[in-house]
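Trainee: I am new to this structure and would love a close look at a single part of it. Could you take me through one residue and its surroundings?

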Amino acid sequence: FSTFITGNLYSRTVLSAAERQMVACAALAALRATEEFKLHANAALNVGCKAEKIAETVFQVGVYAGMPAVNEALAVLREVLRERGEWPRD
(Lines give C-alpha, C1' and ligand atoms only; values in the text may rest on other atoms or scores of the structure.)
Protein backbone atom coordinates (compact mmCIF):
# COMPACT_ATOMS: atom_id res chain seq x y z
CA PHE A 1 0.00 0.00 0.00
CA SER A 2 2.73 2.51 0.91
CA THR A 3 4.45 1.80 -2.40
CA PHE A 4 1.23 2.69 -4.20
CA ILE A 5 1.00 5.99 -2.33
CA THR A 6 4.63 7.04 -2.65
CA GLY A 7 5.39 5.39 -5.97
CA ASN A 8 2.20 5.92 -7.93
CA LEU A 9 -0.22 8.34 -6.34
CA TYR A 10 2.28 11.03 -5.40
CA SER A 11 4.06 10.82 -8.76
CA ARG A 12 0.95 11.84 -10.69
CA THR A 13 1.20 15.31 -12.22
CA VAL A 14 -2.37 16.64 -12.47
CA LEU A 15 -2.16 18.19 -8.98
CA SER A 16 0.94 20.00 -7.79
CA ALA A 17 2.67 18.76 -4.64
CA ALA A 18 1.18 21.74 -2.77
CA GLU A 19 -2.35 21.05 -4.03
CA ARG A 20 -1.99 17.36 -3.17
CA GLN A 21 -0.94 18.22 0.40
CA MET A 22 -3.86 20.64 0.81
CA VAL A 23 -6.27 17.87 -0.23
CA ALA A 24 -4.60 15.51 2.24
CA CYS A 25 -4.87 18.09 5.02
CA ALA A 26 -8.56 18.64 4.31
CA ALA A 27 -9.34 14.93 4.29
CA LEU A 28 -7.36 14.23 7.44
CA ALA A 29 -8.91 17.17 9.26
CA ALA A 30 -12.39 15.91 8.33
CA LEU A 31 -11.46 12.44 9.59
CA ARG A 32 -10.03 13.95 12.79
CA ALA A 33 -6.84 11.99 12.12
CA THR A 34 -4.67 14.42 14.06
CA GLU A 35 -1.35 12.56 13.95
CA GLU A 36 -1.58 12.12 10.18
CA PHE A 37 -2.78 15.72 9.81
CA LYS A 38 0.33 16.86 11.67
CA LEU A 39 2.59 15.00 9.23
CA HIS A 40 0.80 16.42 6.20
CA ALA A 41 0.63 19.95 7.61
CA ASN A 42 4.41 19.85 7.89
CA ALA A 43 4.67 18.40 4.40
CA ALA A 44 2.35 21.11 3.05
CA LEU A 45 4.50 23.83 4.57
CA ASN A 46 7.61 22.13 3.20
CA VAL A 47 6.29 22.22 -0.37
CA GLY A 48 5.36 25.89 -0.18
CA CYS A 49 1.81 26.03 1.16
CA LYS A 50 1.18 29.09 3.28
CA ALA A 51 -0.10 28.52 6.81
CA GLU A 52 -3.03 30.83 6.07
CA LYS A 53 -4.13 28.64 3.17
CA ILE A 54 -3.89 25.49 5.27
CA ALA A 55 -6.02 27.17 7.95
CA GLU A 56 -8.56 28.31 5.35
CA THR A 57 -8.74 24.77 3.98
CA VAL A 58 -9.42 23.52 7.50
CA PHE A 59 -12.20 26.10 7.96
CA GLN A 60 -13.85 24.78 4.79
CA VAL A 61 -13.92 21.31 6.37
CA GLY A 62 -16.25 22.62 9.08
CA VAL A 63 -19.16 22.71 6.66
CA TYR A 64 -18.81 18.97 6.07
CA ALA A 65 -17.24 17.55 9.24
CA GLY A 66 -18.28 20.00 11.95
CA MET A 67 -16.50 22.55 14.08
CA PRO A 68 -14.94 20.06 16.50
CA ALA A 69 -12.91 18.69 13.57
CA VAL A 70 -11.90 22.24 12.64
CA ASN A 71 -10.87 23.09 16.20
CA GLU A 72 -8.75 19.94 16.51
CA ALA A 73 -7.00 20.52 13.19
CA LEU A 74 -6.32 24.19 13.92
CA ALA A 75 -4.82 23.25 17.29
CA VAL A 76 -2.53 20.77 15.54
CA LEU A 77 -1.59 23.35 12.89
CA ARG A 78 -0.70 25.84 15.65
CA GLU A 79 1.43 23.13 17.31
CA VAL A 80 3.22 22.46 14.01
CA LEU A 81 3.88 26.16 13.51
CA ARG A 82 5.21 26.50 17.07
CA GLU A 83 7.55 23.54 16.55
CA ARG A 84 8.82 25.16 13.36
CA GLY A 85 9.32 28.53 15.09
CA GLU A 86 6.60 30.09 12.92
CA TRP A 87 4.09 30.94 15.69
CA PRO A 88 2.92 33.46 16.64
CA ARG A 89 2.22 34.65 13.12
CA ASP A 90 3.25 38.16 12.08
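Mentor: Gladly! Let us start with M22, whose place is in helix α2; helices here (H or I, at least four residues) and strands (E, at least two) are DSSP runs, numbered from the N terminus. Before going on, please keep in mind that this is a predicted model, in which local features need pLDDT of at least 70, side-chain atom pairs count only at pLDDT 80 or more, and totals for chains, interfaces and linings use all residues. Residues are numbered from 1 along each chain as its sequence is written, and side-chain values use heavy atoms, with hydrogens and water left out.

M22 has a relative accessible area of 15%, so it counts as buried (buried means under 20% relative accessible area, exposed over 50%, partly exposed in between, with a 1.4 Å probe and protein chains only). Not counting residues up to four places away in sequence, M22 touches C49, K53, I54 and T57, where contact means heavy atoms within 4.5 Å. There is also a link to A44: this residue is 22 residues from M22 along the chain, yet their C-alpha atoms are separated by 6.6 Å.

Now widen the view to the helix itself. α2 covers residues 17-31, 15 residues in total, and reaches 21 Å from its first C-alpha to its last, close to the 21 Å expected at 1.5 Å a residue; that expected span is 1.5 Å times one less than the number of residues. M22 shares its buried status with R20, Q21, A24, C25, L28 and A29 of α2. The cover over the buried residues of α2 includes α3 (34-46), α4 (51-65) and α5 (67-83). After α2 comes R32, with a positive phi near 60°.

Let us follow one of the contacts of M22 across to its partner. T57 is found in helix α4, and its relative accessibility is 17%, so T57 is buried too. Leaving aside neighbours within four places in sequence, T57 is in contact with M22 and A26. Its helix, α4, has 15 residues and spans 20 Å from first C-alpha to last, close to the 21 Å expected at 1.5 Å a residue. Besides T57, the buried residues of α4 are A51, I54, A55, V58, V61 and G62, and what covers the buried residues of α4 includes α2, α3 and α5. Just after α4, G66 takes a positive phi of about 95°.

How does this part sit in the whole? The secondary structure comes to 5 helices and 0 strands, in the pattern α-α-α-α-α along the sequence. The radius of gyration is 13 Å, close to the 12 Å that the globule rule gives for 90 residues, so the protein is as compact as a globular protein of that length; the radius is taken over C-alpha atoms, and the rule is 2.2 Å times the number of residues to the power 0.38. The C-alpha atoms fill a box of roughly 35 × 30 × 20 Å, taken along the principal axes. Of the 90 residues, 31% count as buried. Among contacts between residues at least 6 apart in sequence, 53% join residues at least 24 apart. M22 and its buried partner T57, in contact with each other, make a friendly place to begin exploring.
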